[in-house]
Amino acid sequence: MRLDVGFVAEPPHPVNWNLLTADEARDEWAELDKWVTWLRHTYGLPASVIPPFWHRHAELVGELSALHLHWLCAYDPEQNGSAPSGWHRDFAETRQRLRDWVAASGTRLDRDRPTRQTAWPGEEPADPVEDIVIPDRAEDFRAFVEADVARRQAAEEAFYASLGVDPSTGEVPDDDDGSDE
């Protein structure tokens, strides 16, 4: 099976998912999803290694994002010829970590649940988690990304509003009114 994934050609860079803007997140989600699809098809990976709902689990997103960056760097034309071999060695190790994350998260082929959280002494007990059946992975991914982008956009708008930015011009008001009192 050949997948034409159309990766974006840009220099590899680490992705801090916590700091992405809405636009950056939209692009990164699209790139990572294309690459994960390519990876699972190319290497015949089962759902116990890469489950359909990996995007709902920060631990899987972090692991796959790091593996993606490693792959981009290993196959960069400026890289040493042995870099792909190093990537495959590390990929073998990463597959075991992915299995561990999948088992801990509880995500399955046709259903998902939030990763269980353990409350420490003095913390509020964690909410109970229940499996939900998700019949369409692609639709779930689209809705998940749209919600993530909307959340980030709202945070950006709130930040700019706190600065008093004029939404029509994008200008920040001048705190110096020009008087020398």
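A residue counts as exposed when its relative accessible area is over 50%, and as buried when that area is under 20%. Anything in between is partly exposed. Keep these cut-offs in mind while walking through this predicted model.

Start with Glu 171. It sits in the segment after H4. Its relative accessibility is 54%, so Glu 171 counts as exposed. Which residues does Glu 171 touch, leaving aside its neighbours within four places in sequence? They are Gly 164, Val 165 and Asp 166. Tyr 160 is eleven residues away from Glu 171 along the chain. The C-alpha atoms of Glu 171 and Tyr 160 are 9.9 Å apart.

Now step back into helix H4. This helix runs over residues 137-162. With 26 residues at 1.5 Å a residue, H4 should span 38 Å. Its end C-alpha atoms lie 37 Å apart, which agrees. Several H4 residues are buried: Asp 140, Phe 141, Val 145, Asp 148, Val 149 and Arg 152. Part of their cover comes from H1.

Asp 148 deserves a second look. Its relative accessibility is 9%, so Asp 148 counts as buried. Asp 148 also has a salt-bridge partner, Arg 151. The closest N and O atoms of Asp 148 and Arg 151 are 2.7 Å apart. Both residues belong to H4. They are three residues apart, about one turn of the helix. Another group of charged residues forms a network: Arg 56, Asp 112 and Asp 140 are joined by salt bridges that share partners.

How many salt bridges does the structure hold? There are twelve. One of them connects Arg 137 with Asp 33, with 2.8 Å between the closest N and O atoms. This pair links distant parts of the chain. Arg 137 is in H4 and Asp 33 is in H1, 104 residues apart. Is each partner buried or partly exposed? Arg 137 has a relative accessibility of 23%, so it counts as partly exposed. Asp 33 has 15%, so it counts as buried.

That bridge leads to helix H1, residues 22-42. H1 has a salt bridge of its own. Here the side chains of Arg 26 and Asp 23 meet, at 3.0 Å from N to O. Why are these two about one helical turn apart? Because they are three residues apart in H1. Arg 26 is partly exposed, at 40% relative accessibility. Asp 23 is also partly exposed, with a relative accessible area of 48%.

H1 packs against helix H2, residues 58-74. Their axes are 10 Å apart and meet at an angle of about 80°. Angles of 65 to 115 degrees count as roughly perpendicular, so H1 is roughly perpendicular to H2. Three tryptophans of H1 are among the residues in this contact: Trp 29, Trp 35 and Trp 38. From H2, the contact includes Val 61, Leu 64, His 68 and Trp 71. By class, it has ten nonpolar, two polar and one charged residues.

H2 also meets helix H3, residues 83-105. The axes of H2 and H3 come within 10 Å and cross at roughly 175°. Angles over 145 degrees count as roughly antiparallel, so that label fits H2 and H3. On the H2 side, the contact includes Glu 59, Leu 60, Leu 64 and Trp 71. Leu 64 and Trp 71 take part in the contact with H1 as well. On the H3 side, the residues include Trp 87, Phe 91, Arg 97 and Trp 101. By class, the contact of H2 with H3 has twelve nonpolar, four polar and four charged residues.

Look along H3 itself. It has 23 residues and reaches 31 Å from its first C-alpha to its last. That is close to the 33 Å expected at 1.5 Å a residue. Its buried residues include Ala 83, Trp 87, Phe 91, Leu 98 and Val 102. The buried residues of H3 pack against H1 and H2.

Arg 97 is in H3 too. Its relative accessible area is 34%, so Arg 97 is partly exposed. Along the chain, Arg 97 and Leu 60 are 37 residues apart. Their C-alpha atoms are separated by 9.4 Å. After H3 comes Gly 106, with a positive phi near 85°.

Note on methods. Residues are numbered from 1 along each chain as its sequence is written. This is a predicted model: local features need pLDDT of at least 70, side-chain atom pairs count only at pLDDT 80 or more; totals for chains, interfaces and linings use all residues. Side-chain values use heavy atoms; hydrogens and water are left out. A salt bridge is a side-chain nitrogen of Lys or Arg within 4 Å of a carboxyl oxygen of Asp or Glu. Helices (H or I, at least four residues) and strands (E, at least two) are DSSP runs, numbered from the N terminus. Buried means under 20% relative accessible area, exposed over 50%, partly exposed in between (1.4 Å probe, protein chains only). Axes are lines fitted to C-alpha atoms, for helices over the stretch in contact, and angles run from 0 to 180 degrees between N-to-C directions. Angles under 35 degrees count as roughly parallel, over 145 as roughly antiparallel, 65 to 115 as roughly perpendicular and the rest as oblique. Contact means heavy atoms within 4.5 Å. Ala, Val, Leu, Ile, Met, Phe, Trp, Tyr, Cys and Pro count as nonpolar, Asp, Glu, Lys and Arg as charged, and the others, Gly among them, as polar. The expected span of a helix is 1.5 Å times one less than its number of residues.
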